[in-house]
Amino acid sequence: MIKSIRYFLLISLLLSITIASAINGIGNYLLDEQSIQPYLDSQLIRISSLINIINRTTSSNSAIRAEMIKYLQSNEQISKHKFLFQVWSEDGNLLMHSSRASEDFKNAQLGFSDQEIHGDDWRIYTIEDKENKTRVIVAEQYNIRRELADDIARSNANILLITYPVFGLLVWFIISLALRSITRVTTEISNRASTYLEPVQLTEIPVEIKPLVAELNKLFIRLKYAFERNKRFAADAAHELRTPLAALKTHVQVALKSEEEMDRNKALQKVIESVNRSSHVVAQLLTLSRLGEEETLSDMKPLDLHKLATEIIAYLAPHALEKNIEIELTPPPKDVIVVGNDTALGILIRNVVDNAIRYTPTDGSVQVSIVDTPTHIIFRVIDTGPGIPPELRERVFERFYRILGTKASGSGLGLAIVSQISTLHHASIHLETPKNEVGLQFDVAFPKHHA
């Protein structure tokens, strides 16, 4: 596991520079040897030509010849026996030579040749002057060539050692500069108050860490919504439970003061109704607090909407029978499959159907059907209640909003929950007046998911 990006990059980059420099040094050493060889061979050609010219021009003057030979022999490389020259006549006489006059070179072939003499490797170049009837032989030890390549390699290594600390400082500075944005983001987050959950600004942030900061911002947004939901739940609970609790207290006081058993039972019945209403409000508030438009539902899977609706309606049927309401579920012509969360869709169906039962008067009817269209699957509920005026059909989805004058019990949260669940399933809601102009037609249109 990498404990420090800074030190990891520093060590990795310096190690990479070292390996690259070593490979470069070895490559240069091999290339230098290849490039040095032709250059030194050309030197042998020039020297042999020079010696041949000297031999021609001084052949008639022995004094000048002796001085030139003395000068050539004084050369450092020649004096160390790493370089030699010989001029042989056609009849085998040695006319000119360096301090080393071995006959081992006498029969060297014309042009370039290699020869090992007394354990030393020599590079030999021989030319023949037919006009002057002489052979000029120039030889150089291979050691001098290797020493030249070694000197170049040592120079490169020395330069690397000298510049290595500079590389280290430059790499450290560049890494620090590159990590400065991370340091800035870290400082910004560390200096934040625990309740400040606004997104981190993405300006002047490198492309490589933008996904990290973007995901961090998404986390901040989720936390912000979660905190807001918790605060909203507390405020909503305090707001909505204040009246039922006050009414509950009043009914209990009335029951305690009642002398007649009928009045006392009536007051206790009111207590039960208040408790039921409070329980319903708390259940709806908890459901609403768990659903947020910013979230994505988990465990999404294909569901048979008709089968799910059958189970929910069977659960609500006793409530409809208490009001003598006829509730009917029309079977679809074929299986209707939607992709969703079964728990959330169950809550949606329950709230829509329960709302229809609550607002439908006694002896009314509630018809539930599932309509299959080319693009959508529509869950439809038609009741014979008072309906909703067109100008209020958007407001009924607001939390705690209830139409004035309604006598049905409720918390004003049911349709808000339905709206949120629909949004999470990418469904749309449409409220219309039925064809018979009585009641309300409530449609939830789910998009079809084609395989």
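Strand β4 covers residues 120-129, and strand β5 covers residues 134-141. The two strands pair in the antiparallel sense, over 8 bridges. This is a predicted model. One pair of residues shows the link: the bridge partner of E128 is R135, in β5.

Now widen the view. Strands β4 and β5 belong to an open sheet of 5 strands. Read across, the order is β2-β1-β5-β4-β3, and the pairing is antiparallel. Which strands lie at the edges? They are β2 (94-97) and β3 (111-117), and each of them pairs on one side only. Neighbouring strands in this sheet do not line up exactly: on average they are turned by 25° against each other, direction ignored.

Next, move to helix α4, which spans residues 142-178. F167 sits in this helix. Is F167 buried or exposed? F167 has a relative accessible area of 30%. Buried would need under 20%, and exposed would need over 50%, so F167 counts as partly exposed. F167 also helps to make a nonpolar surface patch. Its partners there are V166, L170, F173, I174 and L177. Together these residues make a patch of about 560 Å².

Finally, look at helix α9, residues 342-359. D354 lies in this helix. Its relative accessibility is 13%. The limit for buried is under 20%, so D354 counts as buried. What does D354 touch? Leaving aside residues up to four places away in sequence, D354 touches L316 and H319.

Definitions and conventions: Residues are numbered from 1 along each chain as its sequence is written. This is a predicted model: local features need pLDDT of at least 70, side-chain atom pairs count only at pLDDT 80 or more; totals for chains, interfaces and linings use all residues. Side-chain values use heavy atoms; hydrogens and water are left out. Patches are made of residues with over 30% relative accessible area and no salt bridge: like charges are joined within 9 Å, nonpolar side chains (Val, Leu, Ile, Met, Phe, Trp, Tyr) within 5 Å. Accessible areas come from the Shrake-Rupley method with a 1.4 Å probe; for residues, only the protein chains shown count as cover. A salt bridge is a side-chain nitrogen of Lys or Arg within 4 Å of a carboxyl oxygen of Asp or Glu. Helices (H or I, at least four residues) and strands (E, at least two) are DSSP runs, numbered from the N terminus. Buried means under 20% relative accessible area, exposed over 50%, partly exposed in between (1.4 Å probe, protein chains only). Two strands pair if DSSP finds at least two bridges between them. Axes are lines fitted to C-alpha atoms, for helices over the stretch in contact, and angles run from 0 to 180 degrees between N-to-C directions. Contact means heavy atoms within 4.5 Å.
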